[in-house]
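These are my notebook entries on a structure that was new to me. I went from one feature to the next and wrote down what I looked up.

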Amino acid sequence: MKNIVYLLIGTFFGIVMYKSEAASWFRIYEMFQFQSIHMYGLMGTALAVGIIVVQYIKRNKVKDITGNPIVIADKDKSIPRYLIGGILFGLGWALAGACPGPMFVMTGAGYFPILVVILGAILGTWLYGLMKDKLPH
């Protein structure tokens with residue numbers, strides 16, 4: 001029964017993504033062609049809200065619903081991991097026309113060919129899990 005909250009939050013997130021056209025292949029194509037600020041505005045807003053919320057959590061020692069403090073660990077700084085990972089993620093995003101969140105929104109909206117992309121993303125994640133010890137971190 002407690003999982004219903006996650007279902008409701010996910011449904012709300014999907015509706016917002018769909019209505020804001022963040023899951024629109026056309027909007028993503030426009031972004032990569034530098035023809036519109038729509039997606040940059042969405043991502044910039046999300047980034048700003050994320051920075052504010054993370055800083056609030058860190059400075060006010062916010063606790064989760066079970067009373068445990070939320071700890072956000074610092075990331076290791078490494079150019080190759082972010083450069084290679086970012087390029088691979090960006091290429092996949094540009095080729096598929098969707099990143100992970102919108103992929104599921106597109107499925108919910110009835111664009112079932114995106115299931116091929118979701119399968120590829122799951123396969124890529126599985127392969128990363130197999131090879132992560134051999135990759136630069």
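Before I began, I fixed my terms for accessibility: a residue is buried under 20% relative accessible area, exposed over 50%, and partly exposed in between. I also noted that what I have here is a predicted model.

**Entry: the whole chain.** I first looked up the secondary structure, and the protein chain comes to 6 helices and 0 strands, which reads along the sequence as α-α-α-α-α-α. I then took the extent of the C-alpha atoms along the principal axes, and they fill a box of roughly 40 × 40 × 35 Å. Of the 137 residues in the protein chain, 18% count as buried. Among contacts between residues at least 6 apart in sequence, I found that 36% join residues at least 24 apart.

**Entry: the UniProt record.** I turned to UniProt, where an unreviewed entry lists residues 38-57, 82-105 and 111-131 under "transmembrane region". I checked two of these spans against the model. Residues 38-57 are 100% helix and 0% strand, with end C-alpha atoms 29 Å apart, while residues 111-131 are 86% helix and 0% strand, with end C-alpha atoms 32 Å apart.

**Entry: the loop between H2 and H3.** I next read the loop that joins helix H2 (25-32) to helix H3 (38-60), where serine 36 lies. Is serine 36 buried or exposed? Serine 36 has a relative accessible area of 19% and is therefore buried, since the limit is under 20%. Its side chain reaches the backbone nitrogen of histidine 38 at 3.2 Å. Leaving out residues up to four places away in sequence, I found serine 36 touching Arg27, Glu30 and Met31.

Phenylalanine 34 is found in the loop between H2 and H3 as well. Its phi is near 55°, a positive value in a residue other than glycine. At 68% relative accessibility, phenylalanine 34 counts as exposed, because the limit for that word is over 50%.

I then searched for aromatic pairs, and the count came to 1. That pair is formed by phenylalanine 34 and tyrosine 40, which are stacked, 6.3 Å centre to centre with 5° between the planes. Tyrosine 40 has 33% relative accessibility, so I entered this residue as partly exposed.

**Entry: lysine 61.** Moving along the chain, I stopped at lysine 61, which lies in the loop between H3 and H4. Lysine 61 has a positive phi of about 50° although it is not a glycine. Why does lysine 61 count as exposed? The reason is its relative accessibility of 63%, and exposed means over 50%.

**Entry: the largest pocket.** Last, I looked up the largest pocket, which holds about 800 Å³ of space. Which elements give two or more residues to its lining? They are helix H4 (79-96), helix H5 (100-108) and helix H6 (114-131). The lining comes to 23 residues, of which Gly85, Leu88, Phe89, Gly124 and Tyr128 lie nearest the centre of the pocket.

I followed glycine 85 a little further, and found this residue in helix H4. Its relative accessible area is 33%, so glycine 85 is partly exposed. From glycine 85 to isoleucine 114 I noted a separation of 29 residues in sequence and, C-alpha to C-alpha, 22 Å in space.

Notes:
Residues are numbered from 1 along each chain as its sequence is written. This is a predicted model: local features need pLDDT of at least 70, side-chain atom pairs count only at pLDDT 80 or more; totals for chains, interfaces and linings use all residues. Side-chain values use heavy atoms; hydrogens and water are left out. UniProt positions are given in the numbering used here, feature names are shortened, and annotations may be inferred rather than shown by experiment. Helices (H or I, at least four residues) and strands (E, at least two) are DSSP runs, numbered from the N terminus. Buried means under 20% relative accessible area, exposed over 50%, partly exposed in between (1.4 Å probe, protein chains only). A polar contact is a pair of N or O atoms within 3.5 Å; within protein, one must be able to donate a hydrogen and the other to accept it, and residues adjacent in sequence count only if both atoms are side-chain atoms. Contact means heavy atoms within 4.5 Å. Rings of Phe, Tyr and Trp (its six-membered ring) pair if their centres lie within 6.5 Å; planes under 30 degrees apart count as stacked, over 60 as edge-to-face and the rest as tilted. On a 1 Å grid over the protein atoms alone, a cavity is a set of points where a 1.4 Å probe fits but cannot get out, and a pocket is an open set with protein on both sides within 12 Å along at least five of seven lines; lining residues have an atom within 4 Å of a point. Grid points are joined across faces, edges and corners, and a volume is the space filled by probe spheres set on the points.
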